[in-house]
Amino acid sequence: MPIYNPKFMPKLIIDDITVEVPEGTTVLEAAQSVDIPIPHFCWHPALGKAGACRVCAVKMLDGPVRGIQMSCMLPAQDGMVVSTTDPEAMAMRKGVIEWLMINHPHDCPVCDEGGECQLQDFTIAGGHGIRRYDGKKRTHTNQYLGEFIAHEMNRCIQCYRCVRFYQGYAGGTDFGVMGRASMVYFGRQQEGPLDSPFSGNLVDICPTGVFTDKTARFRARYWDYDLAASVCPHCSLGCNITPAARYRELLKVIARRNDAVNGWFICDRGRFANAAVNAPERPRQALVDGKPVTVNEALDVLVLRVGEFLELHGPASLAIVGSPRMSLEGNIMAARLCKLLDAGALSYVGDAVQAERTMGAVSLLASGNAASLADVRQADLIVVAGCDLLEEAPMMALAARQAHRNGARVFVVGDECALDGARQELYESQAVTSLSDIPLTEAKRPVVICGTHPKRPDTAPLMAPLFGKKGLQTPVKFAFILDGPNAFGCALLGREHDAVPLSQAFAGGAIKGLISFEADLPAELTAGITVLAATDWQPTGLMQRAEVVLPCTAWVEQDGTFINNEGRAQRFKQVMRPGLPIKGLDPAGHPPRIHRNDAPGGDVAPSDRVIAMLIQRITGDTPVDGPLSGRWEGLRSLDADGEGKRLTDAA
Amino acid sequence: MIPESLRQELQRRVAGAVTPREAAVDVMKELQRHYGWLSDEAAEEAAGLLGLSPLQVEELATFYEMIYRRPVGRNVIHACDSISCWAMGGETLLRHLEQQLGIEAGGTTRDGAFTLLPCPCLGNCGNGPTIMIGDRLFGPVSPEQAGILIHELQRHGAD
Ligand code: SF4
Ligand code: SF4
């Protein structure tokens with residue numbers, strides 16, 4: 001990588017607009033910075049340039065370089081005068097698109113990319129509307145690449161983005177580019193499922209329809225989708241996503257850019273592990289003792305039964321259980337319910353060791369020392385301790401790989417190296433037995449990544465000396481891998497409201513019953529405890545045992561907030577309306593003949609609403625404050641499209 | 001399966017390279033010399049020796065036009081069909097070769113003596129039209145000269 005002087009800002013003129021950019025910025029990016037779009041296929045902000053597609057041509061009218069140039073390959077320099085509208089440049093771009101279209105099939109009507117296709121957009125933008133070529137097109141044989149990604153090689157325009165992502169960015173070795181005579185083929189050596197846990201990004205990154213999401217094949221067009229900014233719930237990192245739904249069915253998940261968090265990509269779990277949202281066995285009906293009732297009836301019964309229970313056993317025998325999988329709003333309301341009922345225990349976590357480690361991590365993260373995924377990508381020294389990144393936080397492993405590609409050294413501490421499954425494939429690392437073997441003083445941007453899983457060795461004693469350590473060039477930043485998308489939020493609430501791990505609450509023997517909200521608890525833990533009520537959108541064991549079952553919305557069906565592993569609060573928006581997907585309904589019953597305001601199976605509310613309704617019933621009809629009030633007030637204005645708000649910084 | 005002596009020799013060369021990838025062409029050429037072409041088995045063996053995936057070996061093998069992923073004749077004739085040679089009569093030369101050998105470009109003679117492969121650029125642009133037979137480069141080559149070269153090889157082959 002060339003070394004640029006960060007203070008020097010070349011000044012150039014693009015289409016009569018003066019632009020000043022940091023040295024090293026390409027002309028293409030400089031133009032983008034003032035909202036002048038230049039068509040491009042091979043260039044990608046996360047992958048850099050390849051100079052392969054030739055479609056970003058501009059004309060240099062004056063300055064150090066003259067004539068037609070590829071704007072993605074040219075660093076912006078002082079005195080450049082650039083035209084993107086010059087007839088020669090436009091003719092070149094049009095010509096390039098026409099030749100790319102020579103072999104591209106005219107199959108947009110049956111292509112899933114249609115409507116969300118860069119090639120379509122730039123072909124139209126470039127002014128190539130009529131095909132002059134009437135010869136034969138080059139054709140390829142497609143491969144089976146597994147259950148998630150469909151392959152249609154005829155559509156390829158040889159931009160090399162896929163292979164640069166798959167092998168370069170993500171370290172995969174089973175997918176690449178092969179040649180034969182004048183043809184290049186992007187695929188596997190032999191057909192078979194793609195190995196990389198980041199393979200789904202091929203769907204997003206291919207500018208045309210070579211890779212499309214098989215799980216959403218032939219279901220809808222881009223303009224039909226219900227789309228909203230959302231956050232992945234599958235681990236503690238909180239990668240940003242855009243789920244796409246139609247007719248109350250979650251069709252697919254697309255990565256959403258957040259430079260501070262996931263960058264441009266997500267892992268395959270985040271993309272492909274969402275079938276539970278549409279699952280027919282998903283709880284959608286309120287039940288009392290197994291019998292279907294309306295939500296209002298269920299709440300009425302619950303209020304009665306809670307009253308009876310408290311009278312019989314006393315408030316100290318009741319536990320209210322929230323969950324690191326539930327929104328911050330839901331967990332705030334769970335704490336309020338606990339206070340209102342004066343319940344014996346508020347609990348967000350089952351396992352005591354997990355709770356202690358999470359709490360420890362959260363209290364160690366303070367202003368400036370929490371490492372975001374962006375910090376990990378930019379680190380020059382990384383220490384990994386007590387975690388299997390690919391298993392527990394896949395995008396963290398990918399972030400560490402980017403640091404490694406830029407020269408960072410990676411160290412794995414303790415004898416738990418085998419746990420760090422990422423190191424073999426994504427980056428090389430050195431195993432060390434103690435911190436003193438790591439040349440921390442040489443590092444300018446050191447980051448330490450620690451696990452908190454109860455089954456792994458405790459890393460806290462190992463790491464403690466690093467906090468506020470003297471003699472370093474820069475203080476160390478820390479990233480903890482937590483258990484769940486809102487584990488951080490639960491820890492903050494737990495600290496505020498004296499929550500206890502459920503195993504500890506049960507230890508005294510006083511707890512006889514519980515009400516749970518989106519909680520995942522091992523069956524042995526809750527054996528012998530009465531489950532007065534459970535709220536969830538997943539058919540958990542607790543939901544099966546609960547006397548009163550109150551289904552709730554999945555995260556894509558509601559607005560909410562998760563606080564990720566670094567303490568970043570991120571807003572997610574409602575993508576789709578809850579209810580049984582139309583696909584799968586008995587055609588005889590659709591459209592419904594009886595008027596109703598909600599969709600079948602749609603009589604569900606977000607957990608925080610369910611709790612608010614319950615509180616309202618218990619207190620009489622006084623309206624309940626929204627969850628984001630008091631100390632959480634500041635999160636109300638959180639913008640789902642922004643980078644989120646780091647609570648560790650605000651403190 | 002390659003003989004143990006060859007395996008050890010190749011392992012030595014891979015170990016001596018700055019990165020294993022750097023030794024890839026060398027390894028593929030040696031395996032090709034052994035098998036006559038880079039068979040699927042050879043590609044797997046190369047991957048094992050180089051610590052690459054079979055796909056990564058395939059990427060390299062299919063990039064270089066002198067690595068053959070299909071069986072070829074004992075003599076491989078590359079005829080340049082890139083622009084400089086084409087301007088100097090490369091197309092005519094290729095047709096002559098096809099006629100004389102009785103095969104189409106890309107094919108192999110029945111007796112397995114010759115394979116004729118058009119290829120873009122042999123790096124001899126100043127002396128077009130160019131052909132390459134085995135490791136030997138010829139250019140400029142007239143159709144008559146090419147005929148004599150092939151005759152000689154046919155005679156030797158008959159010995
Ligand atoms: S498959 Fe897609 S991403 Fe890969 S080279 Fe072809 S067009 Fe580009
Ligand atoms: S790394 Fe975690 S948050 Fe990110 S996409 Fe994967 S599962 Fe979701």
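This is a quick tour of three spots in the structure: a buried glutamine, the surroundings of ligand 2, and a small run of paired strands in chain A. Keep in mind that the model is predicted. Each spot gets its own group of points below.

**Around A:Q167**
- You'll find A:Q167 in helix α4 of chain A, which covers residues 161-169.
- With a relative accessible area of 15%, A:Q167 counts as buried, because the cut-off for that is under 20%.
- Leaving aside residues up to four places away in sequence, A:Q167 touches A:G172, A:F175, A:G176 and A:R401 in chain A.
- A:Q167 also touches residues of chain B, namely B:R21, B:L55, B:Q56 and B:E59.

**Around ligand 2**
- The space that ligand 2 takes up is the largest cavity.
- Cysteines among the residues around ligand 2 include A:C232, A:C235, A:C239 and A:C267.
- The residues around ligand 2 also include A:H234, A:L237, A:G238, A:I266, A:G270, A:P394 and A:M395.
- Sorted by class, this shell has eight nonpolar residues and three polar ones, with no charged residues.

**The three-stranded sheet**
- Strands β26, β27 and β28 of chain A form an open sheet in the order β26-β27-β28, and the pairing is antiparallel.
- At the edges sit β26 (560-563) and β28 (645-646) of chain A, each pairing on one side only.
- Strand β27 of chain A (residues 568-572) is joined to β28(A) by two bridges, and these two strands run antiparallel.
- A:A569 has A:K645 as its bridge partner in β28(A).
- In general, the strands of a sheet pair through backbone hydrogen bonds.

Definitions and conventions
Residues numbered from 1 in each chain as written. Chains lettered and ligands numbered in written order. Predicted model: local features only at pLDDT ≥ 70, side-chain atom pairs only at ≥ 80, totals over all residues. Heavy atoms only, no water. Helix = DSSP H or I, 4+ residues; strand = E, 2+ residues; numbered from the N terminus. Buried < 20%, exposed > 50% of the residue type's maximum accessible area, 1.4 Å probe, protein only. Contact = heavy atoms within 4.5 Å. Near = heavy atom within 4 Å. 1 Å grid on protein atoms, 1.4 Å probe; cavity = no way out; pocket = protein on both sides within 12 Å on 5 of 7 lines; lining within 4 Å. Sits in = over half its atoms within 2 Å of the grid points. Nonpolar A, V, L, I, M, F, W, Y, C, P; charged D, E, K, R; others polar. Pairing = 2+ DSSP bridges.
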